[in-house]
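Subject: Structure for you, with notes on its cavities

Hi,

Here's the structure I said I'd pass on. Have a look first, and then read on for what turned up in a search for enclosed empty space.

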Amino acid sequence: MWRRTFCSSTTTTAATLANKKWDALVIGGGHNGLTAAAYLAQSGLSVAVLERRHLIGGAAVTEELIPGFKFSRCSYLQSLLRPSIIRDLELHRHGLKLLKRNPSSFTPCLDGRYLLLGSDAEMNRLEISKFSERDADAYPRYENQLEKFCRFMDPLIDSSPPEAHQGVSSFNSRLKHKLQKSEFWAHCLHQSVSMGQQGLVDFMDLLLSPASKVLNNWFESEVLKATLATDAVIGTTTSAHSPGSGYVLLHHVMGETDGHRGIWSYVEGGMGSVSLAIGKAAKEAGATIVTDAEVSKMMIEDSDRVTGVILADGTKIPSSVVLSNATAYKTFMELVPENVLPEDFSRAIKHSDYSSATTKINLAVDKLPQFRCCNIGYPEAGPQHMGTIHIGSETIEEIETACQEARNGLPSRRPVIEMTIPSVLDKTISPPGKHVINLFVQFTPYKPNDGSWEDTAYRESFAQRCFNLIDEYAPGFSSSVIGYDMLAPPDLERIIGLTGGNIFHGAMGLDSLFLMRPVKGWSNYRTPLRGLYLCGSGAHPGGGVMGAPGRNAARVVIDDIKG
């Protein structure tokens, strides 16, 4: 296949890395690994990033798989990247340019109506009131409550969890650890008191309840509830009726763009530009980044200390510490030699939930979709094309039906599709007059009962199913497709390295968050092996292009090395 990729060039080869002992090696050049490398290098440590693929970025990559069309191949929107990381690493100076979307959401209906939502409060009121005056009144209060909960979560996201002390250490180290834990819980107590009892009850209700219950308590309009519910199921195998799905809803509104909470943006040049900017910051600080450098095993000394890595070509690279941006399963089940880890730890990692029902389809099209429900009169891109377009999810029950079909081993007959068209704002990623379209599709089981994702005809049939569904809302869409790239769950695992195809490096259920991520007793980025740390989305606070796991892990490493 003709291919052009966008990655940082480097003259360093993997073989030359073996000529010295590094302070730190980072396995995987995804955005978290690059973030960790940047902070480590800024602290004065010698750091090398080892990326298996031919380009950096992990799931945040830009690839030109069809001439002239640059796809954000996996992740496709930016909001969760921590503002402090953008500031600390001066990412705007390194080329990061965010393109805010307004409106941010468009839900077409087969009955001829539609719902637009965005940052304009008056527009939201007018749009929602087409379906319910009561909901139009409630929506600002709903947004305000979520924003209040996000402010409560901010310090938790930006901190290492207050894990129980691990291993043998000095008196001063134990004392420092106790003081840090006390400071963390004192801050949480202060935040809880400021929220008040009713606020805490509402917060717990959101965390523990199904998203459908939360939304039913707020709203009566099915199309509004379904539009909001998609945030609660995106990237998961659960439905909006699953307990705890309310947290995933919150997780996807935690972010911001240029200080505006909950606003998702496109990135000029595609999501690979995020990784490139972080990579430039890391290299400016002194980090070395090498592509086509696949790690095959860790080097272990005295049965419990990591002393470096062995590459697939046999090259041994020594280091004081290793940070893994791979999934927890890949790190501990494949890269660590057998019979080294404690049995209970290995069992917990092995049996964590890495399931996925996500497929990503990237398309090159020769024209914009024209939606039957809105004849707004724009010859080119209109408000309906700017944000996330919700297809096949006019009611929560439609989402539930699609999810249940996947639980039964079948790709959804009417998939839940989130469509985005970044080329309406980003003129650098497609030829004039043509467009790039992203389809984030659910629900697709890893191993379908009625076929195989390795079967070309089966893949094409499912892709056409998605295009036909879009045709119902935008007649003629299928005929506009020039070509496409499709990543089903096994492709996400094989190409990107996401175990099970799970975009979060593991489920984001309440049993897999905070002190329980990746497993109970090891939430602070350290591992049972001395010198080995986890810095990817499988660690706290979880998935998304956030950077927090990488930054937080780097701080723990710096603290351990420098005391």
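Strand S5 (69–72), strand S11 (265–267) and strand S19 (435–442) are a good place to start: each gives at least two residues to the lining of the largest cavity. Keep in mind that this is a predicted model.

S5 has the largest share of that lining, with three residues. The lining has 13 residues altogether, and the ones nearest the cavity's centre are Ser72, Tyr76, Val267, Gly270 and Pro422. Sorted by class, the lining of the largest cavity comes out as eight nonpolar, three polar and two charged residues. As for volume, the largest cavity has about 80 Å³.

How many cavities of 30 Å³ or more does a search of the whole structure find? The count is two, and the second largest has a volume of about 40 Å³.

If you'd like to find that second one on screen, pick out the residues that line it: Thr230, Val233, Ile234, Val416, Glu418, Phe440 and Gln442. Helix H8 (222–233), strand S18 (416–420) and S19 are the elements that each supply two or more residues here. By class, the lining of the second largest cavity splits into four nonpolar, two polar and one charged.

One last thing to look at is S19: this strand contributes at least two residues to the lining of the largest cavity, and two or more to that of the second largest.

Cheers

Conventions. Residues are numbered from 1 along each chain as its sequence is written. This is a predicted model: local features need pLDDT of at least 70, side-chain atom pairs count only at pLDDT 80 or more; totals for chains, interfaces and linings use all residues. Side-chain values use heavy atoms; hydrogens and water are left out. On a 1 Å grid over the protein atoms alone, a cavity is a set of points where a 1.4 Å probe fits but cannot get out, and a pocket is an open set with protein on both sides within 12 Å along at least five of seven lines; lining residues have an atom within 4 Å of a point. Grid points are joined across faces, edges and corners, and a volume is the space filled by probe spheres set on the points. Helices (H or I, at least four residues) and strands (E, at least two) are DSSP runs, numbered from the N terminus. Ala, Val, Leu, Ile, Met, Phe, Trp, Tyr, Cys and Pro count as nonpolar, Asp, Glu, Lys and Arg as charged, and the others, Gly among them, as polar.
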